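Thanks for coming. I'll talk through one structure today, in two parts. Please have a look at it first.

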Amino acid sequence: MTVAWRVVALAEIANFASLRRHLGRLCADRLSTALVDRATGCIAGLRATAVARSLVEFELGSTDLAAIETAVEMLRVAFEAPFEFEGDRHKLEITFAAAAAPVGSTEDVRLVEEAEGALEQARAEFRTVLRDLSAGTPAFDRLSLIRDLPDAIARGEMFLQYQPKVHVRRQEIASAEALVRWQHPRRGLILPGDFITLAEESRQIDALTLWTLDRVIADQRILRAEGRDLTIFINISGQLLSDAEFVASACRKVREGGAKIGFEITETAVIRDPQSAIANLRKFDEVGITIAIDDYGAGLSSLAYLKELPARELKIDKMFILQLTSSNRDPLIVRSTIDLAHALEMEVTAEGVETQAALALLTVMGCDMVQGYLLSRPISIEAFRAFLRDDKLKLGGDGRDSMFKRPASFWRTA
Ligand code: C2E
Ligand code: MG
Ligand code: MG
């Protein structure tokens with residue numbers, strides 16, 4: 001039996017603001033209509049509506065998911081050709097996203113919400129995101145993902161994004177964190193929150209982490225060759241801290257790779273099996289791996305172990321940072337955590353810094369490093385290299401304090 005599918009796709013004109021400056025408001029308002037016309041001319045039966053000046057929504061029925069993927073690709077290609085306005089040709093940069101589900105399985109409103117969520121992802125990841133909502137029950141989801149995982153690495157579906165950590169006093173990029181993503185051929189982009197636990201449960205986390213380490217060592221070398229010898233941190237699951245084979249392989253790779261690598265671990269992971277975790281962390285430390293404690297304050301915590309760990313950095317969990325300037329308690333917790341870490345001779349990173357106000361408060365509190373959407377979202381290695389080049393220019397050019405004076409809009413799109 002063939003299943004009918006319904007898809008809601010969104011196309012957003014990413015360079016709308018600059019086109020509006022160039023073309024004038026009245027002409028720019030006609031851009032979305034031009035998109036609608038081109039799309040309906042390209043695919044029969046397509047319903048297209050301009051839902052905002054820079055956003056067009058498409059609705060399409062189809063008999064299978066592959067046909068939907070083809071339709072989205074046809075639209076993407078159709079929009080690549082320049083558009084003519086008042087005798088001039090203009091290129092529209094389109095961010096594309098879609099959500100699809102079998103007819104009757106999903107309410108319309110959910111389909112639209114999922115398409116909007118996919119658009120947000122597409123903006124952040126600079127790629128087309130297609131969400132398939134047919135996966136059914138969570139149990140089915142988990143099983144199918146676990147099944148797909150082993151080949152995902154081999155097929156090159158995993159990739160890394162880098163998020164810088166910025167040193168507050170020195171006002172320069174101090175290091176970066178590598179975050180793994182899975183570009184699933186049918187389900188689109190999957191973030192680690194949805195597959196790391198599965199990888200742990202199905203004993204595939206060691207292979208995934210060693211793959212990550214190889215990639216990061218290679219990327220770190222590229223950065224070093226460009227004169228930016230930054231430490232790159234990777235996240236290490238608690239399970240791996242007591243896995244002797246993993247520890248030996250990781251130490252060997254780092255020693256042979258000769259790259260500056262850091263490991264982010266959580267305290268909860270240490271508390272599970274403190275003896276072997278602490279012994280293995282010392283091994284990591286001996287081969288020159290910088291240890292950072294991740295998500296501090298979010299899980300189990302023990303001051304007795306904290307002072308035993310060969311950690312040089314403490315990362316305060318974003319749950320304390322996101323509400324920093326609107327909460328009464330969070331600033332007190334953050335302040336005392338910074339003092340505690342300094343007493344233990346660790347540097348402090350605040351993760352989840354999204355606003356200038358939070359950055360200002362953290363600066364006053366003596367926080368050493370900040371990481372968050374205000375400074376940069378996680379970005380591809382190419383974008384990160386461009387970010388570093390640009391940073392170098394700005395820092396060298398108009399004074400070392402220019403970085404923190406950039407408008408928030410710059411940081412978000414960098
Ligand atoms: P984490 O290590 O604490 O990473 C920080 C998470 O916060 C990342 O989510 C990042 O994208 C997000 N984030 C960064 N800045 C902001 C901000 O300003 N506001 C908000 N709201 N969020 C921000 P992501 O990439 O989805 O990663 C989630 C978690 O997945 C990570 O938390 C880490 O525990 C785990 N993870 C990621 N990559 C790996 C990996 O290679 N191996 C293992 N074992 N775990 C990984
Ligand atoms: Mg981390
Ligand atoms: Mg964290």
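Let's start with empty space: the largest cavity holds about 40 Å³. Keep in mind that this is a predicted model. The count of cavities of 30 Å³ or more comes to one.

What lines this cavity? The residues are V7, A9, L46, F58, L60, I68, A71, V72 and L75. By type, the lining has nine nonpolar residues, no polar ones and no charged ones. Three elements give at least two residues each: strand β1 (5-13), strand β3 (55-62) and helix α4 (65-80). The largest share comes from α4, with four residues.

Now the second part, the metal site. Which protein atoms are donors to the magnesium ion (ligand 3)? They are an OD atom of D294, an OD atom of D295 and two OE entries from E351, at 2.1 to 2.7 Å from the ion. Along the sequence, these donor residues follow the spacing D-D-x55-E. The pair D295 and E351 links distant parts of the chain: D295 sits in strand β13 (residues 290-296) and E351 in strand β15 (residues 347-351), 56 residues apart.

D294 has a further role in the geometry, as it bridges the magnesium ion (ligand 3) and the magnesium ion (ligand 2). Those two ions are 3.9 Å apart.

Last point: are D295 and E351 buried or exposed? D295 has 27% relative accessibility, so it counts as partly exposed. E351 has 8%, which is under the 20% cut-off, so E351 counts as buried.

That's all I have.

Definitions and conventions
Residues numbered from 1 in each chain as written. Chains lettered and ligands numbered in written order. Predicted model: local features only at pLDDT ≥ 70, side-chain atom pairs only at ≥ 80, totals over all residues. Heavy atoms only, no water. Donors = N, O, S within 2.8 Å, 3.2 Å for Na, K, Ca; no water. Buried < 20%, exposed > 50% of the residue type's maximum accessible area, 1.4 Å probe, protein only. 1 Å grid on protein atoms, 1.4 Å probe; cavity = no way out; pocket = protein on both sides within 12 Å on 5 of 7 lines; lining within 4 Å. Points joined across faces, edges and corners; volume = space filled by probe spheres on them. Nonpolar A, V, L, I, M, F, W, Y, C, P; charged D, E, K, R; others polar.
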